[in-house]
Amino acid sequence: MSDDTFIENETACDCCDWVNTIPPMQHNERLRCERCKHPIVTVSKKTAQLLLANSSAAIVLFALSLTYEFLGFSSNGITQQISLWDCINALLIEHFTALGAIVSVTLVVLPLIYLFSILLLSFSLIVKSKHHRYTRWLLLSLETIQPWLMVDVFMLGGLVALVKLKSLAEVSLGVSFWAFAAYTFLLIRTVCYVDKRWLWNQFFGQSEKIDIKQKASSARNQGLIGCQFCGALNPSTNRTCSRCHHVIMSRKPASLKRTIALLIGASILYVPANLFPIMNTTFLGTTEHSTIIGGVLLLWALKSYPVALVILIASVLVPIAKILSLFWLCWQYHFATDLPAIKKQKIYHLTELVGRWSMVDIFVVAILSALVQLGTLMNIVPGIAAMSFCAVVILTMLAAMSFDPRLVWDISEETKVDESES
Ligand SMILES: [Zn+2]
Ligand SMILES: [Zn+2]
């Protein structure tokens, strides 16, 4: 067997808890869960080199995108240009500190921690210097940070802001805009190459060998716990994972209660988020307040149909669909329908995937309010609904993270047991 073969012991699927045997794997192979078909591990060719190249290039491009002009516009002989740095600064200092803090964390702080972690880890793998005190911490942080990277959503926000501005003035794209587009692409590529099971295996070796008594069963049914951070299987008597040392639990604690509480919070805040203005535009002394729906209608009237649809889907339909489908999934735990567990899991993954895109309107408001500051001639400031809408997106994301998809499969297993007993 060659050195390039990936060897790992049994693991539990993160989505359905099924115990999967990992066969020896070669480059460019992907293993899917036997039961739910969710990807378990992907082994790519030269992963460490690709991670190093993509993360370092992304960091350089990000530095460039902060330095130069991002967007510029001119109206009635007045020209205004902003860099990304100005955009964050304007929000932090002049307008909405909380909004500025959210934009800077999701756009600068977390992506940079993520990219520098990958850079350090991949470099350590290439030079074969694997045992550092920080390695475990960096690997654990990757899993926590990844869902909060919003760079691609900001890029879409930049494009929507561009279309909105075109109706008001002449707009120009700066060097930073293109650097940011390339940075977005490279960050997505970096995320695609990150595989937690592969990384933990490379740094800390194979997970501890566990005696599997019963084939074709979930980890919980066999008195085992699958670690959600590194994928290792542990006996249920363990409080921490034998490989990553993180606390392990068979199911997320109080998963349904937490999800429902967060969903109730999001539903309450969704009302002011839609009733109050998300953006206030002052033009020649007259101030116009626009709500989310008002913004969609305005874009539709301006014949910007694709952008109007993007905002309608991301800001109106996605939050409602996400809240309803998560409520439905929680309800299913006690009052299960005949819908197969795999379909329920797909619904859950869809809500998890699309939820973060609702942030697009918040980024549009952030960009416009930083750029359009022409005193009494024209200026844009975020409305009070911006914060409540932002809270809706964050609460629904936290609700999706609190929900344990393995519960969906637990119900189907219990139903099967009941049927076989009767
Ligand atoms: Zn599975
Ligand atoms: Zn672990």
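This passage walks through a predicted model, from its annotated membrane spans to its zinc site, salt bridges and a few individual residues.

The membrane spans make a handy starting point. An unreviewed UniProt entry carries the annotation "transmembrane region" for residues 50-68, 101-126, 138-163, 175-194, 259-279, 307-333, 354-374 and 380-400. Two of these stretches can be looked at in a little more detail. Residues 101-126 are 100% helix and 0% strand in the model, and the C-alpha atoms at the two ends of this span sit 36 Å apart. The picture for residues 307-333 is again 100% helix and 0% strand, with 38 Å between the end C-alpha atoms.

Next comes the metal site. The zinc ion (ligand 1) is held by four cysteine sulfurs, namely the SG atoms of Cys-13, Cys-16, Cys-33 and Cys-36, which lie 2.3 Å from the ion. Along the chain, these donors of the zinc ion follow the spacing C-x2-C-x16-C-x2-C. Cys-16 belongs to the loop between strand E1 (11-12) and strand E2 (19-20), while Cys-33 belongs to the loop between strand E3 (29-32) and strand E4 (39-43), so this pair ties together parts 17 residues apart in sequence. What is the arrangement of the four donor atoms around the zinc ion? The angles they subtend run from 101 to 116°, and that makes the arrangement tetrahedral. All angles have to fall between 85 and 135 degrees for four donors to earn that label. As for accessibility, Cys-16 has a relative accessible area of 1%, so it counts as buried. Cys-33 is buried too, at 1% relative accessibility.

With so many cysteines around, disulfides are worth a check. A disulfide is a covalent bond between the sulfur atoms of two cysteines. How many disulfides does a search of the whole structure find? The search turns up zero. Two further cysteines are tucked away from the surface: Cys-227 is buried with a relative accessible area of 0%, and Cys-241 is buried at 2% relative accessibility.

Salt bridges are another matter, as a search of the whole structure finds 10 of them. One of them pairs Glu-8 with Arg-243, with 2.8 Å between the closest N and O atoms. This pair links distant parts of the chain, since Glu-8 sits in the segment before E1 and Arg-243 in the loop between strand E9 (233-235) and helix H8 (255-275), 235 residues apart. Glu-8 is buried at 6% relative accessibility, and Arg-243 is buried at 5%.

Glu-10 has a salt bridge of its own, meeting the side chain of Lys-209 at 3.1 Å, N to O. Here again distant parts of the chain are linked: Glu-10 is in the segment before E1, whereas Lys-209 is in the loop between helix H7 (196-204) and strand E8 (224-226), 199 residues apart. Are the two partners buried or exposed? Glu-10 is buried, with a relative accessible area of 9%, but Lys-209 is exposed at 57% relative accessibility. The cut-offs explain the labels, because buried means under 20% and exposed means over 50%.

A further salt bridge joins the side chains of Asp-14 and Arg-197 at 3.2 Å, N to O. Asp-14 lies in the loop between E1 and E2 and Arg-197 in helix H7, so the pair ties together parts 183 residues apart in sequence. Both residues, Asp-14 and Arg-197, are buried. They also take part in a network of salt bridges that links Asp-14, Glu-143, Lys-196 and Arg-197.

Two individual residues round off the picture. Val-153 sits in helix H5 (residues 151-166) and is buried, at 0% relative accessibility. In sequence, Val-153 and Arg-356 are 203 residues apart, yet their C-alpha atoms are 7.6 Å apart in space. Besides Arg-356, Val-153 touches Trp-357, Met-359, Val-360 and Phe-363, leaving out residues up to four places away in sequence.

Ser-304 is in the loop between helix H9 (292-301) and helix H10 (305-334). With a relative accessibility of 14%, Ser-304 is buried. Apart from neighbours within four places in sequence, Ser-304 is in contact with Val-163 and Leu-299.

Key. Residues numbered from 1 in each chain as written. Chains lettered and ligands numbered in written order. Predicted model: local features only at pLDDT ≥ 70, side-chain atom pairs only at ≥ 80, totals over all residues. Heavy atoms only, no water. UniProt positions renumbered as here; feature names shortened; annotations may be inferred. Helix = DSSP H or I, 4+ residues; strand = E, 2+ residues; numbered from the N terminus. Donors = N, O, S within 2.8 Å, 3.2 Å for Na, K, Ca; no water. Tetrahedral: all angles 85-135°; square planar, octahedral: opposite > 155°, others 65-115°. Buried < 20%, exposed > 50% of the residue type's maximum accessible area, 1.4 Å probe, protein only. Salt bridge = Lys/Arg side-chain N within 4 Å of Asp/Glu carboxyl O. Contact = heavy atoms within 4.5 Å. Disulfide = S-S within 2.5 Å.
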